[in-house]
Amino acid sequence: MRFGGLTAVSDVSFAARRGEITAVIGPNGAGKTTLFNCITGFYRPSSGSIRLHPASGPAIALHRLPGYRIARAGVARTFQNIRLFPGMTALENLLVAQHNKLMAATGLGIGAVLGLSRYPQAERAAIDLARQWLAATRLLERADDPAGALPYGAQRRLEIARAMCTEPLLLCLDEPAAGLNPRESDELARLLLDIRGQGTSLLLIEHDMGVVMRISDRVVVLDHGKLIAEDAPAVVRADPRVIAAYLGEGEEDEDAPPTEVPA
């Protein structure tokens, strides 16, 4: 991905495997969010390809699709900064995520106005799915509260619940543990493991190495827009290139005792 003369992501190639948690880590400015923006359609990559492989059928070329069609193909995301609808209730935020199904059931809204039978059934199904994810994120009792009135950690969980209401094949999470205290980080880790257990693939950017090392199946490391490591968490944690990227060690430190990336 190039911006004028600046190459933000260069020749990065890796696979986020089905049913696994893949973490993308690296120092600030490494190109992590740019990578996410390319995957989810906020940016069109300058070159290269991004492909989603459903369980059945041909691969989907995400790099050729606009963002809304990437979402329909089965890719959902959250953001570094929470982007809920603060004036809507927690339940309503989750219903908004299901607008494609609801609109299809109403014939672009006409069915809802006329009270046709397909719409009430679709609405009940949407509410049931929303309540399921409110329960999974421990927010069911706050279903009717404005999203903006929820504590910060609860808003983080609600954003994940909203993404899951699109029933994605791949869930992309941009720093989901940012701003959370240790208890909330532990709860987040359990939630993400539960989501993986249901068969959804997860790709997350995260600076909390405790969360990354605890829940990830594989870790991808970027530095200055380039891929410098991809392996199991324990292997990546002890990789000298990763240590140098995080701690700023240069060639003069090559003979120093090995150091691990902070957990």
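Modeller: Helices here are DSSP runs of H or I with at least four residues, and strands are E runs of at least two, both numbered from the N terminus. This is a predicted model, where local features need pLDDT of at least 70, side-chain atom pairs count only at pLDDT 80 or more, and totals for chains, interfaces and linings use all residues. Residues are numbered from 1 along each chain as its sequence is written, and side-chain values use heavy atoms, leaving out hydrogens and water.

Biologist: Okay, what separates Arg-183 and Glu-187 in helix H8?

Modeller: About one helical turn, because they sit four residues apart in H8.

Biologist: And why is the meeting of their side chains called a salt bridge?

Modeller: The term needs a side-chain nitrogen of Lys or Arg within 4 Å of a carboxyl oxygen of Asp or Glu. Arg-183 and Glu-187 have N to O at 2.8 Å, so the pair fits that definition.

Biologist: What makes Glu-187 count as buried?

Modeller: Buried means under 20% relative accessible area, exposed means over 50%, and partly exposed is in between (1.4 Å probe, protein chains only). Glu-187 has 13%, so it is buried.

Biologist: How do you know that Glu-159 and Arg-162 meet in a salt bridge?

Modeller: Their N to O distance is 3.8 Å, and the cut-off is 4 Å, so they qualify. Both residues lie in helix H7, three residues apart. Glu-159 is buried at 2%, and Arg-162 is buried too, at 13%.

Biologist: Then there's Arg-218 with Glu-230: which parts of the chain does that pair link?

Modeller: The salt bridge has its closest N and O atoms 3.7 Å apart. It links distant parts of the chain, with Arg-218 in strand S9 (residues 218-223) and Glu-230 in strand S10 (residues 226-231), twelve residues apart. Arg-218 counts as buried at 17%, whereas Glu-230, at 27%, is partly exposed.

Biologist: Which residues do salt bridges with shared partners join into one network?

Modeller: Arg-138, Arg-157, Arg-183 and Glu-187.

Biologist: Back to helices. Why is H7 called roughly parallel to H8?

Modeller: H7 (residues 152-164) and H8 (residues 182-197) pack at about 10 degrees, with axes 11 Å apart. Angles under 35 degrees count as roughly parallel, over 145 as roughly antiparallel, 65 to 115 as roughly perpendicular and the rest as oblique, so H7 is roughly parallel to H8. The axes are lines fitted to C-alpha atoms over the stretch in contact, and angles run from 0 to 180 degrees between N-to-C directions.
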